[in-house]
Amino acid sequence: MKNAIPAAGHFRLKGERLAGVAFRKTREFDLQVSLPPYHNNVVLDVLNSLETDEVMGFDENDTTALKSTPDSDLYAKATTGLSIRRWLPAGCQVIRWATSEEFVELSRKRGFRAVYTSNAAQVMFPIGVSHIPIGPSAFVGQIIVNSDEYQFKDDENTGKQLRFVLAHELTHVFDMLRLLVPALRNWRRFWHKFLQDGQRCGAVIQLHSEQSVFVDDYGSENELKTIREYWPSRADGWFNAFRKT
Ligand SMILES: [Zn+2]
């Protein structure tokens with residue numbers, strides 16, 4: 001793949017310089033990976049071994065995209081090809097260990113290994129507001145990794161497990177890009193047309209939770225299928241290492 005990500009210790013991946021149309025703000029998105037060198041290299045390997053650079057995004061002008069029936073393909077109306085490499089830093093700005101407080105909070109979730117979290121629900125999809133919210137120029141997304149599981153292990157099997165966990169979280173980032181990129185292209189239009197002046201924010205949250213239910217069935221065929229879409233030749237090896245834990 002072109003534009004290979006540099007193999008460094010801590011690194012920053014330069015993102016797009018974007019004009020936030022709504023508030024005349026310019027925002028440059030970077031991805032900063034703040035893990036020790038061994039784990040950084042695992043991240044780099046996962047990113048550099050992506051076998052497709054394309055995820056299908058929604059169209060900011062599509063007023064009916066979120067009207068699909070529950071059992072149809074969730075992303076049937078997402079038909080605009082987006083470059084993952086180009087847009088990744090917009091969807092995820094940080095990959096880091098969990099703080100001890102986050103660890104306590106996240107460990108309540110079954111089998112917490114890592115999580116992708118963002119403020120999209122607040123800055124882009126708030127339910128029941130009367131004014132256009134600040135939008136994607138204020139978007140923050142990050143992948144938080146469980147340090148207890150991975151910090152002091154650097155054997156081959158742990159590396160494969162961590163690759164699987166990171167690939168899983170990155171698929172959540174790719175799904176976010178389907179919505180985030182059209183919102184970045186023209187936030188006012190996205191709010192007015194795609195989100196119907198906010199009336200469809202609930203539908204976006206619903207779409208997000210349906211997709212999470214599908215992917216977050218840990219160790220399942222659905223999860224593997226999702227990861228295979230982006231890493232077809234490596235997904236099974238990582239998955240098998242993960243399942244042995
Ligand atoms: Zn997940």
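The legends below accompany an overview and four close-up views of a predicted model.

**View 1. The protein as a whole, a predicted model with 10 helices and 7 strands.**
Of the 245 residues in the protein, buried residues make up 36%. When contacts with a separation of 6 or more are considered, 76% of them are accounted for by residues that stand 24 or more positions apart.

**View 2. The surroundings of Ala-183 in helix α6.**
Helix α6 spans residues 156-185, and Ala-183 lies within this helix. Ala-183 counts as buried because it has 29 C-beta neighbours inside 10 Å, where 20 or more are needed for a residue to be called buried. Leaving aside residues up to four places away in sequence, Ala-183 touches Glu-60, Met-124, Gly-135, Pro-136 and Phe-190. One of these, Glu-60, is 123 residues apart from Ala-183 in sequence, yet the two are 6.5 Å apart in space when taken from C-alpha to C-alpha.

**View 3. The crossing of helices α2 and α6.**
Two packed helices are described by the angle between their axes and by the distance between those axes. For helix α2, which covers residues 84-91, and helix α6, the axes come within 9 Å and cross at roughly 90°, so α2 is roughly perpendicular to α6. On the α2 side the contact involves Ile-84, Trp-87, Leu-88, Ala-90 and Gly-91, and these meet Val-173, Phe-174, Met-176, Leu-177, Leu-180, Val-181 and Leu-184 of α6. The residues of this contact divide into 11 nonpolar and 1 polar, with no charged residue among them.

**View 4. Strand β3 and its pairing with strand β4.**
In a regular strand the side chains alternate between the two faces of the sheet. Strand β3, made up of residues 54-57, has a covered face with Val-55 and Gly-57, whereas Glu-54 and Met-56 belong to its uncovered face. Strand β3 pairs with strand β4, residues 80-83, in the antiparallel sense over 4 bridges. Within this pairing, Gly-57 has Thr-80 of β4 as its bridge partner.

**View 5. Gln-196 and Asp-197 in the loop between α7 and α8.**
Gln-196 is found in the loop that runs between α7, residues 187-194, and α8, residues 201-215, and Asp-197 also has its place in the loop between α7 and α8. The phi angle of Gln-196 is near 50°, which is a positive value in a residue other than glycine, and the phi angle of Asp-197, likewise positive in a residue other than glycine, is near 55°. Gln-196 is partly exposed, because 14 other C-beta atoms lie within 10 Å, and Asp-197, with 13 C-beta neighbours inside 10 Å, therefore counts as partly exposed.

Technical notes. Residues numbered from 1 in each chain as written. Predicted model: local features only at pLDDT ≥ 70, side-chain atom pairs only at ≥ 80, totals over all residues. Helix = DSSP H or I, 4+ residues; strand = E, 2+ residues; numbered from the N terminus. Buried ≥ 20, exposed ≤ 12 C-beta atoms within 10 Å, placed from the backbone. Contact = placed C-beta atoms within 7 Å. Axes fitted to C-alpha atoms, helices over the stretch in contact; angles between N-to-C directions. Parallel < 35°, antiparallel > 145°, perpendicular 65-115°, else oblique. Nonpolar A, V, L, I, M, F, W, Y, C, P; charged D, E, K, R; others polar. Pairing = 2+ DSSP bridges.
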